[in-house]
Amino acid sequence: MEYFDPREYDLAGRIARLKTRHGVIETPYLFPVIDPTRQQPPLDTVRKLGFNAVITNAYLFYKRNRGRVKSVHESLNWKYPIMADSGGYQVLIYGDVEIDNTTIVNYEKKIGVDIGVILDIPTGTRMTFQEAWKAVQTTFDRAVEALPIIMDSDQLWVLPIQGAPYKELVKYSSIRAWRYPYHIHAFGSPTVFLEKYDYSKIVELVATAKLYLPPHKPLHIFGVGHPMILPFLVALGGDLFDSASYILYARDNRYMTETGTKRIDELSYLPCNCPVCSKYTAEEIRKLPSKERVKLLGLHNLYVLRKELLKTKQAIKEGRLWEYLEYKSKAHPTLRKAFEIIKKYINLMNKYNPLTKGSPYAMFLINVDSLYNPRLVNTRYSTLNNILTSYKGRRLGLYPALYKPYNQQEWISNKISKANILLYHPYLGIFPPELSNTYPYFQHEESIDTEFMDKYSEKIISEISNIKPVAITIYYVRNTWSEHIARILEGKLKRVIDVKIVEIT
Ligand SMILES: [Zn+2]
């Protein structure tokens with residue numbers, strides 16, 4: 001795909017280069033929504049914060065210019081990429097817009113936007129299933145109608161994926177999207193869920209779309225502009241985002257943080273070191289005239305959004321996006337709920353996840369949530385299926401993996417040549433000693449919580465049941481986690497296998 005070039009993957013997230021006529025956008029990226037009539041903060045300030053592409057509304061631009069064609073780049077005085085939304089959202093909020101699909105698509109083409117959108121019908125949250133079904137059909141009719149207009153253009157064109165909040169309709173739209181030669185897919189997210197911080201619904205719907213959409217094309221997610229949720233959606237395959245939230249929140253005196261939103265009135269301190277927060281106190285911002293206050297809060301909000309994108313990208317580079325989600329999930333109950341939903345989509349993430357990144361970064365195994373780390377799940381699955389099946393029907397000796405490197409532990413090093421020796425570990429499960437120096441059997445940092453021994457043991461038991469040994473001897477070291485696990489395994493397995501436990505002295 002010459003216009004979209006992924007360079008790094010982690011989970012279903014990726015760092016890629018999206019080529020447009022006015023330059024390359026590195027994804028994941030968030031387009032600040034720009035008001036063509038009264039933009040605050042000014043565009044050069046937005047640019048200085050590190051944003052090199054913006055989104056504006058082609059319908060508002062059309063209305064303001066009474067349909068006259070003008071270069072959008074010249075009008076905004078912006079020589080970098082511009083995406084234009086079509087006005088579909090205005091249809092949702094204000095009822096019918098006095099413009100039709102072919103007019104707006106033609107207009108977007110002529111004013112020279114880099115990324116254009118057809119006039120879709122957002123399904124919103126108030127529509128019945130029947131109404132939403134109709135909206136989806138009309139959106140596709142318009143996608144077909146626009147094809148002759150956009151075929152000969154070198155702009156990138158977006159096909160909106162409507163149907164939310166109905167999962168079946170999102171699935172239908174995503175499957176049908178394979179038929180049309182659009183460059184980018186855009187998930188139409190019901191902003192009302194976002195306003196209520198109901199992130200689990202969005203997570204579920206985006207995962208559904210990603211499961212069925214063509215995987216090689218970039219996925220835009222409309223209207224998601226909060227640093228709390230961005231990395232979760234990136235992990236599910238979101239490449240592009242846009243948001244007016246930075247300025248809408250600012251007008252409402254709301255101050256974004258990575259873990260929530262505060263009202264400027266309730267802040268005694270500004271917990272941020274952006275240029276705004278370094279210069280002003282909360283008290284000083286409150287006392288500013290409204291226009292100035294909105295501008296500064298808008299800048300701070302943009303800064304926090306960009307910081308979150310950078311953190312997410314760095315996590316992708318390190319192959320630690322899952323660890324980052326674990327960390328974020330502890331910051332707010334609503335993120336915890338989103339995280340619980342994400343655990344259901346481990347297979348989706350593993351479809352894209354490189355098993356090893358060839359990087360020196362260790363896997364962080366922090367608590368039982370880490371058992372769901374897709375890269376760990378994948379490792380255990382492939383060890384079980386590719387290696388451990390050859391141990392079927394044997395008498396096994398299971399030794400604890402307590403100290404790295406595990407094949408050098410004193411209780412195993414003299415037995416290593418024996419065929420029936422395996423290791424067990426709360427996170428890594430059952431594995432042969434030969435893997436001890438490979439990733440992640442060696443490259444991980446762990447913290448093991450003895451409160452959750454049942455949870456750790458569950459997966460080990462399922463692995464043993466898959467190997468089907470005729471007998472096992474489980475060795476343990478007194479007063480370590482291995483003693484807990486050995487006793488749990490003995491209790492659970494004794495009815496089905498000949499099992500005994502032996503203390504290593
Ligand atoms: Zn700040």
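This section describes the overall fold, the domains, two helix pairs and selected residues of a predicted model.

The protein chain holds 505 residues, and buried residues make up 45% of them. Its secondary structure comes to 21 helices and 20 strands. The C-alpha trace spans about 85 × 55 × 40 Å along its principal axes. Contacts reach far along the sequence. Among those between residues at least 6 apart, 73% join residues at least 24 apart.

The chain is divided into two domains. Domain 1 is assembled from three segments, 4–41, 124–155 and 163–348. Domain 2 covers one segment, 356–503. Their C-alpha centres lie 39 Å apart. The contact between them takes 9 residues from domain 1 and 12 residues from domain 2. On the domain 1 side, helix 15 (residues 321–329) gives the most, with 3 residues. By class, this side of domain 1 has 5 charged, 3 nonpolar and 1 polar residues.

Two helix pairs were examined in detail. Such pairs are described by the angle between the axes and the distance between them. Helix 9 (residues 199–212) and helix 16 (residues 333–342) form one pair. Their axes come within 8 Å and cross at roughly 25 degrees. Because angles under 35 degrees count as roughly parallel, helix 9 is roughly parallel to helix 16. The crossing is right-handed. Helix 9 contributes Y199, S200, V203 and E204 to the contact. Helix 16 contributes T334, L335, K337, A338, I341 and I342. By class, the contact of helix 9 with helix 16 has 6 nonpolar, 2 polar and 2 charged residues.

Helix 5 (residues 101–111) and helix 6 (residues 129–150) form another pair. Here the axes come within 10 Å and cross at roughly 35 degrees. Helix 5 passes helix 6 in a right-handed crossing. On helix 5, the contact residues are N101, T102, V105, N106 and K109. On helix 6, they are R142, E145, A146, I149 and I150. The classes in the contact of helix 5 with helix 6 are 4 nonpolar, 3 polar and 3 charged residues.

Several backbone features stand out for inspection. A cis peptide bond joins T27 and P28, with omega about 0 degrees. P28 is found in the loop between strand 3 (23–27) and strand 4 (29–34). The peptide bond from Q40 to P41 is also cis. Its omega is near -10 degrees. P41 lies in the loop between strand 4 and helix 1 (43–48). Strand 4 thus borders the loops of P28 and P41.

Positive phi values occur at L11 and R66, which are residues other than glycine. Phi of L11 is near 50 degrees. L11 sits in the loop between strand 1 (4–10) and strand 2 (13–20). L11 has 30 C-beta neighbours inside 10 Å, so it counts as buried. Phi of R66 is near 45 degrees. R66 lies in the loop between helix 2 (58–64) and helix 3 (72–76). R66 has 6 C-beta neighbours inside 10 Å, so it counts as exposed. The two loop residues therefore fall into opposite classes, L11 being buried and R66 exposed.

A further residue, D498, lies in strand 20 (residues 498–503). D498 has 12 other C-beta atoms within 10 Å. A residue is exposed if that count is 12 or fewer, so D498 is exposed. Leaving aside neighbours within four places in sequence, D498 is in contact with V470 and A471. D498 and P400 are 98 residues apart in sequence. In space they are 19 Å apart, C-alpha to C-alpha.

Definitions and conventions:
Residues numbered from 1 in each chain as written. Predicted model: local features only at pLDDT ≥ 70, side-chain atom pairs only at ≥ 80, totals over all residues. Axes fitted to C-alpha atoms, helices over the stretch in contact; angles between N-to-C directions. Helix = DSSP H or I, 4+ residues; strand = E, 2+ residues; numbered from the N terminus. Parallel < 35°, antiparallel > 145°, perpendicular 65-115°, else oblique. Left-handed = near helix turned anticlockwise from the far one by under 90°. Contact = placed C-beta atoms within 7 Å. Nonpolar A, V, L, I, M, F, W, Y, C, P; charged D, E, K, R; others polar. Buried ≥ 20, exposed ≤ 12 C-beta atoms within 10 Å, placed from the backbone. Domains from an automatic or database assignment.
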